[in-house]
Amino acid sequence: MTSYILTVSCQSTRGIVAAISNYLAEQGCNIVDSSQFDDLDTGMFFMRVSFISEEGVGQAALIEGFKPIAEKFAMDAEIHDGKKRMKVLLMVSRFGHCLNDLLYRWKIGALPIDIVGVVSNHFDYQKVVVNHDIPFHHIKVTKENKPQAEAQLLDLVEQTGTELVVLARYMQVLSDALCRKMSGRIINIHHSFLPSFKGANPYKQAYERGVKLIGATAHYVTADLDEGPIIEQDTARITHAQSAEDYVSIGRDVESQVLARAIHAHIHYRTFLNGNRTVVFPASPGSYASERMG
């Protein structure tokens with residue numbers, strides 16, 4: 001039996017859930033997990049359905065058969081193969097804690113993705129990447145060559161079939177054009193609990209303000225620096241006795257966890273863009289183990 005994931009977003013109206021469940025039943029499919037959300041402010045409806053094709057109906061036939069329903073409700077709908085691993089391109093500069101964490105999770109199967117390569121504007125982590133049998137790509141970025149560097153990056157995305165780009169502490173600002181071209185397909189980790197303490201050295205800003213919580217934010221990249229739709233956040237409690245260096249050490253642990261959780265949600269189609277916000281369906285207790293192993 002093959003597992004699939006159906007994702008739907010459209011204007012909310014009566015009959016959507018019934019139409020979807022009836023269609024899947026008619027196709028010999030059994031629903032394993034289902035999540036839905038009506039945004040009363042925008043009138044938008046979002047739904048994610050994980051199901052098994054018990055009678056062998058394939059993905060192409062399911063997609064074709066669903067078209068009349070999608071057209072009736074003006075849906076943005078997709079049916080994904082639940083076992084197909086998403087192709088991910090990682091990008092890093094000179095802070096490697098998030099990169100190392102992702103490589104470890106990938107290696108033990110906790111993050112079921114295909115890492116098609118790692119891009120960096122430095123050579124600091126070339127050996128680490130190559131030792132994992134992953135292609136390493138050095139793309140130097142300066143004020144003068146930035147358009148050429150981004151063109152090189154886009155060529156790499158196309159050649160590798162990259163479906164998601166992850167900025168694992170990649171410290172270069174992407175152009176507006178690139179952000180628009182890959183909207184919803186670039187995730188960044190920001191070393192602050194947004195929207196406070198944006199910009200350079202947020203841990204020093206937090207230290208100087210005497211905060212009692214520090215955190216990290218994973219978000220989709222947009223043309224507005226560090227203001228894209230938020231996917232995942234977390235915090236850590238600290239005290240007056242800890243130094244700015246302690247903040248950095250604790251914060252790096254939080255960053256790694258937040259980024260991994262955001263990627264996990266995206267690759268399992270649990271995230272939906274909703275204007276400047278996101279809808280993120282949690283992994284149900286029964287589905288997490290299967291998601292973990294891809």
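Select H80 to begin: this residue is buried, with a relative accessible area of 12%, which puts H80 below the 20% limit used for that label. The model on screen is a predicted one.

**H80 and its surroundings**

With H80 still selected, colour by secondary structure; the residue is found in strand β4, which covers residues 76-81. Now show side chains and pick E78. A polar contact of 3.1 Å joins the side chains of E78 and H80. Next, which residues does H80 touch, leaving aside those up to four places away in sequence? Select S3, Y4, I5, T7, Q59 and Y269 to see them.

**The annotated span**

Select residues 5-84. UniProt, in an unreviewed entry, places the feature "domain: ACT" here. By composition the span is 31% helix and 42% strand. Place a distance between the C-alpha atoms at its two ends, and the value is 11 Å.

**Aromatic pairs**

Show the rings of Phe, Tyr and Trp. How many aromatic pairs does the structure hold? There are five. Go to Y4 and F51: the ring centres are 5.7 Å apart and the planes meet at 35°, so this pair is tilted. Y4 belongs to strand β1 (residues 2-11) and F51 to strand β3 (residues 44-53), so the pair ties together parts that are 47 residues apart in sequence. Are these two residues buried or exposed? Y4 is buried at 5% relative accessibility, and F51 is buried at 0%. Y4 has come up before, as one of the residues that H80 touches.

Move on to F123 and F136. They also form a tilted aromatic pair, with 6.3 Å from centre to centre and 35° between the planes. F123 lies in the loop between β6 (113-120) and α4 (126-131), F136 lies in strand β7 (residues 136-138), and the two are 13 residues apart. Colour this pair by accessibility. F123 is partly exposed, with a relative accessible area of 47%, whereas F136 counts as buried at 15%. The labels differ because buried means under 20%, and partly exposed runs from there up to 50%.

Then select F46, F272 and F281 together; these residues form one aromatic cluster.

**A charge over a ring**

Select F95 and R169. R169 lies over the face of F95, at 4.8 Å from the ring centre.

**The listed active site**

Select D226. UniProt lists this residue under "active site", again in an unreviewed entry. Where does D226 lie? It is in the loop between β10 (213-220) and β11 (230-237). Switch on the surface: D226 is buried, with a relative accessible area of 14%.

**Zooming out**

Clear the selection and show the whole protein chain as a cartoon. There are nine helices and 13 strands. The C-alpha atoms fill a box of roughly 60 × 40 × 35 Å along the principal axes. For 294 residues, a compact globule would have a radius of gyration near 19 Å; the chain has 21 Å, which agrees.

Colour the chain by accessibility, and buried residues make up 47% of the 294 residues. Last, turn on contacts between residues at least 6 apart in sequence: of these, 68% join residues at least 24 apart.

Methods: Residues are numbered from 1 along each chain as its sequence is written. This is a predicted model: local features need pLDDT of at least 70, side-chain atom pairs count only at pLDDT 80 or more; totals for chains, interfaces and linings use all residues. Side-chain values use heavy atoms; hydrogens and water are left out. UniProt positions are given in the numbering used here, feature names are shortened, and annotations may be inferred rather than shown by experiment. Helices (H or I, at least four residues) and strands (E, at least two) are DSSP runs, numbered from the N terminus. Buried means under 20% relative accessible area, exposed over 50%, partly exposed in between (1.4 Å probe, protein chains only). A polar contact is a pair of N or O atoms within 3.5 Å; within protein, one must be able to donate a hydrogen and the other to accept it, and residues adjacent in sequence count only if both atoms are side-chain atoms. Contact means heavy atoms within 4.5 Å. Rings of Phe, Tyr and Trp (its six-membered ring) pair if their centres lie within 6.5 Å; planes under 30 degrees apart count as stacked, over 60 as edge-to-face and the rest as tilted. A charge sits over a ring if NZ of Lys or CZ of Arg is within 6 Å of the ring centre and within 35 degrees of the ring normal. The radius of gyration is taken over C-alpha atoms; the globule rule is 2.2 Å times the number of residues to the power 0.38.
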